[in-house]
Amino acid sequence: MEKIIKNNTLYFDGCDTVELAKRYGTPLYVMSETAIVEKCKEVRDTFLNKYERTRAAYAAKAFLTLSMCKIIEREGLCLDVVSGGELYTAIKANFPAEKIEFNGNNKSQGEIELAVDYQIGRIIVDGLDELKLIESICEEKGKTINILYRITPGVKSDSHDYIVTGKKDSKFGIPLDDEVIYPAIEQAIKSPYVNFMGFHFHVGSQLHNNESHLKALDIALKLIRETKEKYNYVTPELNIGGGFGVNYTEEDSKKPYAYFLDPMMEKINNFSKEINITRPEVVIEPGRSIVAEAGLTLYTVGTIKDIKGIRKYVSVDGGMTDNIRPALYQAKYEGLAANKANDTKTDVVTICGKCCESGDILIRDAKVTELKRGDIFAVFTTGAYGYTMASNYNKNPLPATVLVKEGKSELIVKRQSYDHMIENEIIPESLSL
Ligand code: LLP
């Protein structure tokens, strides 16, 4: 495993985390290249190499930097982006255009233009209205583009309400009412500007149960059948999204990719035989499962407040600005004092951040050794949706990110400076004193 304890110190992918904190400062995101690579390998071994005509598009929203684009390209995955900024990052990293897929419920004209100019592999379209925008852009530029439709399968999956996306009452996807979906399909098939590749769904995130994936799949397959029957058109591709859960704490029960994908592939294979079509190319979009466990965050302990008989607050030098997940989803994490990793855990404390917000709590009731100002505290499994959801609240600069591998560390994101935070700010003439 990437995490071990040596000389009472936490090591991550061969690196002494206390040394990392000293060298790069805190708060610090630490990403293990070995762990990311292992996950990509698991995707290849249990999906890409096991089933032909399959692709895996890493969901960039979980963790994206220029270096991450390089790792994903090297490991043979495609990239799923959801904004002009993510697309721009991929372009700047020279990520192969045809391996980029563009999701999102409200892509702007400028974002679509960027995608069409770069000739990316797929746009996952959220509705007829977006299709029309794409058509007009392609017409003007004399280009065509591959598209899929994201459907709202109308299934409810078992996760925090903010991260379930497949239910009918959702801002994502096209609802499957006949008068909505069929005109959209017809238009996409007829359009000279787009190649209609098929359907996409994504049911939710951090799932440990394959039920909603399987239910959504049935609905998508029905749509493939109906598209064939109604329009004599066989959609060549099916994107079944991401959502595969990870272990944050002992309460989680992570499942291997195969638990989700094998029964889905079996269903798709059987279905294709039954209606006598070539099995569509199947695409997945894992985000969290590739990077969550590959990351940890290092903090320095500051103020400690022991409210007798109530609670002991241990403040660290980051918080909701670098990890909003506990505040936003009541997400649970585990951590450890990196510089006294083997010391007996005699204390129960609340690890809180430094923001002016009572909800700025990283871990409630953490069992820890007795902590002191200056200790280095590591919070585990922060590799997904930490850096990408970070903010400058209270004008706290974004942490640095360091990539570690077998004892070596390299900076991949510099710590933001105060100057960087205010560089876009302007004092207009009217306010100059
Ligand atoms: N594909 C689509 C279309 C998505 O909307 C998402 C996530 C993914 C793939 C990747 O899902 P994953 O494999 O990472 O579960 N910020 C939240 C998670 C939001 C996920 C949104 N969509 C969190 O921190 O839990």
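Here are some short exercises on the structure above, each with a worked solution.

This is a predicted model, in which local features need pLDDT of at least 70, side-chain atom pairs count only at pLDDT 80 or more, and totals for chains, interfaces and linings use all residues. Residues are numbered from 1 along each chain as its sequence is written, and side-chain values use heavy atoms, with hydrogens and water left out.

**Exercise 1. Overall form**

Task: Find out what the radius of gyration says about the protein.

Solution:
- Begin with the secondary structure: the protein has twelve helices and 21 strands (DSSP runs, H or I of at least four residues for helices, E of at least two for strands, numbered from the N terminus).
- Next, take the extent of the C-alpha trace, which spans about 70 × 60 × 40 Å along its principal axes.
- Now compare: a compact globule of 433 residues would have a radius of gyration near 22 Å, and the 23 Å of the protein agrees with that. The radius is taken over C-alpha atoms, and the globule rule is 2.2 Å times the number of residues to the power 0.38.
- Finally, 56% of the 433 residues count as buried (buried is under 20% relative accessible area, exposed over 50%, partly exposed in between, with a 1.4 Å probe and protein chains only).

**Exercise 2. The ligand**

Task: Work out where the ligand lies with respect to domain 1 and domain 2, and which residues come nearest.

Solution:
- Start with the shell: of the 20 residues around the ligand, Ser205, Glu285, Arg288, Arg325 and Tyr385 come nearest (a residue is near if one of its heavy atoms lies within 4 Å).
- Sort the shell by type: six residues are nonpolar, eight polar and six charged. Here Ala, Val, Leu, Ile, Met, Phe, Trp, Tyr, Cys and Pro count as nonpolar, Asp, Glu, Lys and Arg as charged, and the others, Gly among them, as polar.
- Look at the polar contacts (pairs of N or O atoms within 3.5 Å; within protein, one must be able to donate a hydrogen and the other to accept it, and residues adjacent in sequence count only if both atoms are side-chain atoms). Polar side-chain atoms lie 2.3 Å from a ligand oxygen in Ser205 and 2.6 Å from one in Tyr385.
- Taken alone, the ligand exposes 590 Å², and the protein buries 93% of that (Shrake-Rupley method, 1.4 Å probe; for residues, only the protein chains shown count as cover).
- Both domain 1 (3-30 + 293-416) and domain 2 (64-286) give residues to the shell, so the ligand lies between them. The bounds come from an automatic or database domain assignment.

**Exercise 3. A lysine in a loop**

Task: Decide whether Lys107 is buried or exposed, and find what its side chain contacts.

Solution:
- Lys107 sits in the loop between β7 (100-102) and α5 (109-118).
- With 6% relative accessibility, Lys107 counts as buried.
- A polar atom of the Lys107 side chain is 2.6 Å from the backbone oxygen of Ile124, and a polar contact of 2.7 Å links the side chains of Lys107 and Glu130.

**Exercise 4. Backbone exceptions**

Task: Locate Pro27 and Asn232, and describe their backbone.

Solution:
- Recall the background: most residues other than glycine have a negative phi, and most peptide bonds are trans.
- Pro27 is in the loop between α1 (17-24) and β4 (28-32), and the peptide bond from Thr26 to Pro27 is cis, with omega near -10 degrees.
- Asn232, in the loop between α8 (211-231) and β12 (237-239), has a positive phi near 55 degrees. Asn232 is exposed, at 70% relative accessible area.
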